[in-house]
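Thanks for asking me to look through this structure with you. Here are my notes, as numbered points you can follow with the model open beside you.

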Amino acid sequence: MARDKWLAACGVNADLCQNGGFYGKSCACVCPSGTSGANCQTVTGDYYDDLTNPCTEKVTQEGLLTSPGYPSNYPNIQCVKWIAAPVCHVPRVTFSDFYLYEKNPYCGSTTETCCYFDGLEIRTDNLYNGEVYCGTDITAGQTFTGTGQEMILYFRAISNNLRRGWSAQLTFVPQPGCTRDPC
């Protein structure tokens, strides 16, 4: 009902704003992030583009993945590499270099609390939680393979320390027993 009152106050019969836009107090469409135009009719990007760091990306091609600035020092940053393998494949990440801020020498047994400044969380079988690595936890040649079609690398750095970060090669491995649906 409040929407109808707002439209009447603006002297219009219908809400012409598109893509989640709405009439504001100036009686013009207020467009959400990722849209533009008088009626928010032009989609210019994703809704959350303004909130994500440029190093955050969806990765659908094999190739080299690195921390921002690698091999130079990485900045204070948070970003995500959301890896999506083709149908009937799983992602595999093989590290060639890994050097982050060291673990807390006084921490307990949990990795996450040990990596309290910088860390790379690798989510191979759960897109919401994974193991966190820092210091020199990962050695050259060490691989991580997803259990499904998707995998997440979540990198966070807040230390302001001089470390080069990480570098890894992404490949897509055929998933055993998987067949494409002919439909």
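1. Let us begin with Cys88 in this predicted model. Is Cys88 buried or exposed? Its relative accessible area is 10%, and the cut-off for buried is under 20%, so Cys88 counts as buried. You will find Cys88 in the loop between β7 and β8. Its backbone deserves a look too: phi is positive, at about 65 degrees, although Cys88 is not a glycine.

2. Another cysteine to visit is Cys40. This residue sits in the loop that runs between β3 (35-36) and β4 (42-43). Phi of Cys40 is near 60 degrees, again a positive value in a residue other than glycine. What is the relative accessible area of Cys40? The value is 0%, so Cys40 is buried.

3. Now step back to the chain as a whole. Its secondary structure consists of two helices and 13 strands. The radius of gyration is 22 Å, whereas the globule rule gives 16 Å for 183 residues; the chain is therefore more spread out than a compact globule. Measured out along the principal axes, the C-alpha trace spans about 65 × 50 × 30 Å.

4. A few totals help to fill in that picture. Of the 183 residues, 36% count as buried. The accessible surface of the chain is about 10,900 Å², and carbon and sulfur atoms account for 51% of that area. As for charge, there are 12 positive and 17 negative side chains, with the centres of the two sets 3 Å apart. If you take the contacts between residues at least 6 apart in sequence, 64% of them join residues at least 24 apart.

5. Strand β8 (residues 89-99) is a good place to start tracing the strand pairings. With strand β13 (residues 165-174), β8 pairs in the antiparallel sense, over ten bridges. To find this pairing on screen, look for Asp97, which stands opposite Ser167 in β13. β8 also pairs with strand β11 (residues 143-145), antiparallel as well, over three bridges. Here Arg92 is the residue to look for, as Arg92 faces Thr145 in β11.

6. Stay with β11 for a moment, since Thr143 belongs to this strand. Which residues does Thr143 touch, not counting residues up to four places away in sequence? They are Arg92, Val93 and Thr94. Thr143 has a relative accessible area of 38%, so the residue is classed as partly exposed. For a sense of distance across the model, compare Thr143 with Asp46: the two are 97 residues apart in sequence, and their C-alpha atoms are 32 Å apart in space.

7. Next comes strand β12 (residues 150-157). Why can β12 be called largely enclosed by the rest of the structure? Seven of its eight residues are buried, so the description follows from that count. β12 has pairings to follow as well. Eight bridges join β12 to β7, and the two strands run antiparallel; in this pairing, Cys79 stands opposite Phe155 in β12. Strand β9 (residues 119-123) also pairs with β12 in the antiparallel sense, over five bridges. One pair to check there is Ile122 and its bridge partner in β12, Leu153.

8. The loop between β6 and β7 holds Pro71. Please look at the peptide bond leading into this proline: from Tyr70 to Pro71 the bond is cis, with omega near 5 degrees.

9. Pro75 has its place in the loop between β6 (63-66) and β7 (77-84). Is Pro75 buried, exposed or partly exposed? At 36% relative accessibility, Pro75 counts as partly exposed. Leaving aside neighbours within four places in sequence, Pro75 is in contact with Pro68 and Ala157. How far from Pro75 is Asn160, 85 residues apart along the chain? The C-alpha atoms of these two residues are separated by 7.0 Å.

Methods. Residues numbered from 1 in each chain as written. Predicted model: local features only at pLDDT ≥ 70, side-chain atom pairs only at ≥ 80, totals over all residues. Heavy atoms only, no water. Helix = DSSP H or I, 4+ residues; strand = E, 2+ residues; numbered from the N terminus. Rg over C-alpha atoms; globule rule 2.2 N^0.38 Å. Buried < 20%, exposed > 50% of the residue type's maximum accessible area, 1.4 Å probe, protein only. Contact = heavy atoms within 4.5 Å. Areas by Shrake-Rupley, 256 points an atom, 1.4 Å probe, with all protein chains shown as cover. Lys, Arg positive; Asp, Glu negative; His and termini not counted. Charge placed at Lys NZ, Arg CZ, Asp CG, Glu CD. Pairing = 2+ DSSP bridges.
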